[in-house]
Amino acid sequence: MMRNKRRITYLIIIIATVALFSYQSLFNQSVALSKNNKEALGEQLAGIREAVKSDLTKNTQIFLTYPVEDSKDEFTTLYTYLSLGLLDKNPPKNVCKQFSYELSKEEFIQTKESFYTGIERLYYSMKLIELCNQEEITERTIKDAEVSTKKLYHSTYYKEGYFLSDEFKEFKDKEGYEEVKFFQTHMMLKLGKKANIDFSPTKETIAEWLNYFIKDRKDPLFIRHYIESMNLLNIDPSPSIIDKLSYDSIIQKDYYEFNDLLTIESLTNMHMKKWVTLSPEELLSILQKITGSHSQFANIQQQYYVLSIYSHLDQLDKYLQKDKLIDQYKRYVYPDGMMPLFSQTSNPYSTYYSMVVALKSAEEGDVSAIQLQKYLSGFLKRTNVEDLMDLDAFEILSYIHLKEYVDDSFQHTKEAEIVAEAIKDELPSRVNAGNIIKTSYLIDSLALLEEDLNEDELPENTSEIIKNLSQGKTKLFDNSSDFSNLLFVNSLAATGKFSKELKEVVPYAAKIKIDLSSQVPAYELYQKTLFLKRMGIETDDNKIADQLIKLHNGLGYKLNEEQSFKSFYATIFLNRLNHILLGEEIHHDQ
């Protein structure tokens, strides 16, 4: 009997040893990146890095602009096709049909739900329709436009001699709205001319108001539109109006802001019409300044005015971003021809942290990296710890990353000590469904500050969570997910605590399947890979690279394969993961 027990014991030991060897072999089998994947990941890093450098040195804001998923925006759509029209790319048939259909609706000029309303909406829509294949524009569309124009002409006219859409009615007597009246009057006159409206009953009053408006104006933007308006009324503007022009100081600026571009666009339009003559030196200066103005979809309206300047000067061949603009358009456009809404991130710290991540592969002494460090040095000094604690936990983590980027000895400063104590005060007594993500980022922040945490300073159910995960009990709470589970154990791994216990969680983490069509695979891919590497487990980097490549989109990464556009947070995490796979960042620091 004793002999049989010994045999069973030896058999269990042998089986356990074989199982342990198999387990270690499974996780220690390294799959190196293929040459193709290395090159692809390197190109992704380079593309994002160059976009960030452009944002920093040329203020293009391309990297920090994100299309809003499932959004459709009329303003962006209009300026996209106005811009492409200057590059001899006509709007597609479906978008022309869409705007023709909208014109047939009575509420088209009344709606207040779009960016442009009333006069402006009709004016810009007609500009787009004029770019369409005119053989495909029906008589009904032209008739609808004329009906809308006549309605607007009578409903928006004021006896003083200007036009103003209804949505601005309550502001008409407020300071600063004279310019709105002026430009809407110009638009209404252009629309009225096309609709064959007889201006004669009101043209003298309109001319009188235009003369009143222009009396003390010197900007080419106003003088160009004043002359055009008077011409539409068949009234000769005073020849001396050109003598009032003042533009030297704007041409000589080092950098053209948006309002400067509006002025330059009107000035070059007047040069094209031979109303003024710019010197070769002035023309060269303008072309040199706008060469760096390629905001594209970060500010498609600005891009349109840049292209207009090139067009007025007959220099569109000098616009070097044509292919890039068209490629971006193809990436963003919906099947019906509409464009998404574009939004620029405004998070106080993660915005800059995303740029820091992108610049990790920049060469030492890179001008843009130095510029970012210099800016952050001053920007971060204005942070109040109390205000910092009111922010999202990832913003707190991002702030600490930025402080270290500026000063690699930050962890050892008095300020770091104060921040650490404030974070500890924010830690909950227990982790629950509502605070697991916040808690994880707070623990990450303490780890980044090199805080030597005692286990009793962490939530009291920390060990229980680790034990549950190691036993396969992964439904910690009602809304638990692999992402939140991985995020939590990753934050603990960053502290250096629970090393032995966390090893027991490896089988669970390793079995997590990354489904690129699920809700947040970008987050899961990052957290899973990071955790396994921290635990000393070799990963199939080639497989991970394939997934990264599938989620890559333009100048960033998508949250999942079903989405159309890059995601702000997915771009941060997967850009970091890209650096890790290419060996350009160690994975021990969160």
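A residue counts as buried when its relative accessible area is under 20%, and a salt bridge is a side-chain nitrogen of Lys or Arg within 4 Å of a carboxyl oxygen of Asp or Glu. With those two terms in hand, welcome to a short tour of this predicted model. Glu 524 is a good place to start: this residue is buried yet has no salt bridge. From there the briefing moves to the whole chain, the loop between α20 and α21, and two residues with a positive phi.

**A buried charge: Glu 524**

- Glu 524 sits in helix α25, which covers residues 521-534.
- The nearest side chain of opposite charge belongs to Lys 528, and it is 9.1 Å away. A salt bridge needs a nitrogen within 4 Å of a carboxyl oxygen, and Glu 524 has none.
- Which residues does Glu 524 touch, leaving aside its neighbours within four places in sequence? They are Asp 482, Phe 483, Leu 486, Ile 514 and Ser 518.

**The chain as a whole**

- The protein chain has 27 helices and 6 strands.
- Its C-alpha trace spans about 120 × 55 × 45 Å along the principal axes.
- Of the 590 residues in the protein chain, 53% are buried.
- Take the contacts between residues at least 6 apart in sequence: 73% of them join residues at least 24 apart.
- About 29000 Å² of the protein chain is exposed, and carbon and sulfur atoms supply 48% of that area.
- The chain carries 69 positive and 88 negative charges, and the mean positions of the two sets are 5 Å apart.

**Salt bridges around the loop between α20 and α21**

- How many salt bridges does a search of the whole structure find? The count is 26, and three that involve the loop between α20 and α21 are described here.
- Lys 424 and Glu 451 pair through their side chains, at 2.9 Å from N to O. Lys 424 belongs to helix α19 (residues 414-426) and Glu 451 to the loop between α20 and α21, so this salt bridge ties together parts that are 27 residues apart in sequence.
- The two partners fall into separate accessibility classes: Lys 424 is buried at a relative accessible area of 19%, while Glu 451 is partly exposed at 22%.
- Lys 424 also meets Glu 457 in a salt bridge, at 3.3 Å from N to O. Because Lys 424 is in helix α19 and Glu 457 is in the loop between α20 and α21, the pair links parts that are 33 residues apart in sequence. Glu 457 is partly exposed, with a relative accessible area of 29%.
- Lys 497 and Asp 452 form a salt bridge too, at 3.2 Å from N to O. Lys 497 lies in the loop between α22 (482-495) and α23 (499-503), and Asp 452 lies in the loop between α20 and α21, so the pair connects parts that are 45 residues apart in sequence.
- For this pair, Lys 497 is partly exposed at 22% relative accessible area, and Asp 452 is exposed at 63%.
- Elsewhere in the list of salt bridges, shared partners join Arg 49, Glu 50, Lys 53 and Asp 366 into one network.

**A negative patch on the surface**

- Glu 455, Asp 456, Glu 501 and Glu 504 together form a negative surface patch.
- Glu 455 lies in the loop between α20 (436-448) and α21 (462-470).
- Is Glu 455 buried or partly exposed? Glu 455 is partly exposed, with a relative accessible area of 45%.

**Two residues with a positive phi**

- Most residues other than glycine have a negative phi, and that makes the next two worth a look.
- Asp 70 has a positive phi of about 65° although it is not a glycine. Asp 70 is found in the loop between β1 (65-67) and α3 (74-86), and it counts as exposed, at 71% relative accessibility.
- Phe 498 has a positive phi as well, near 55°. Phe 498 lies in the loop between α22 and α23, and with a relative accessible area of 5% this residue is buried.

Technical notes. Residues are numbered from 1 along each chain as its sequence is written. This is a predicted model: local features need pLDDT of at least 70, side-chain atom pairs count only at pLDDT 80 or more; totals for chains, interfaces and linings use all residues. Side-chain values use heavy atoms; hydrogens and water are left out. Patches are made of residues with over 30% relative accessible area and no salt bridge: like charges are joined within 9 Å, nonpolar side chains (Val, Leu, Ile, Met, Phe, Trp, Tyr) within 5 Å. Accessible areas come from the Shrake-Rupley method with a 1.4 Å probe; for residues, only the protein chains shown count as cover. Lys and Arg count as positive and Asp and Glu as negative; His and the chain ends are not counted. The place of a charge is taken as NZ of Lys, CZ of Arg, CG of Asp or CD of Glu. Helices (H or I, at least four residues) and strands (E, at least two) are DSSP runs, numbered from the N terminus. Buried means under 20% relative accessible area, exposed over 50%, partly exposed in between (1.4 Å probe, protein chains only). Contact means heavy atoms within 4.5 Å.
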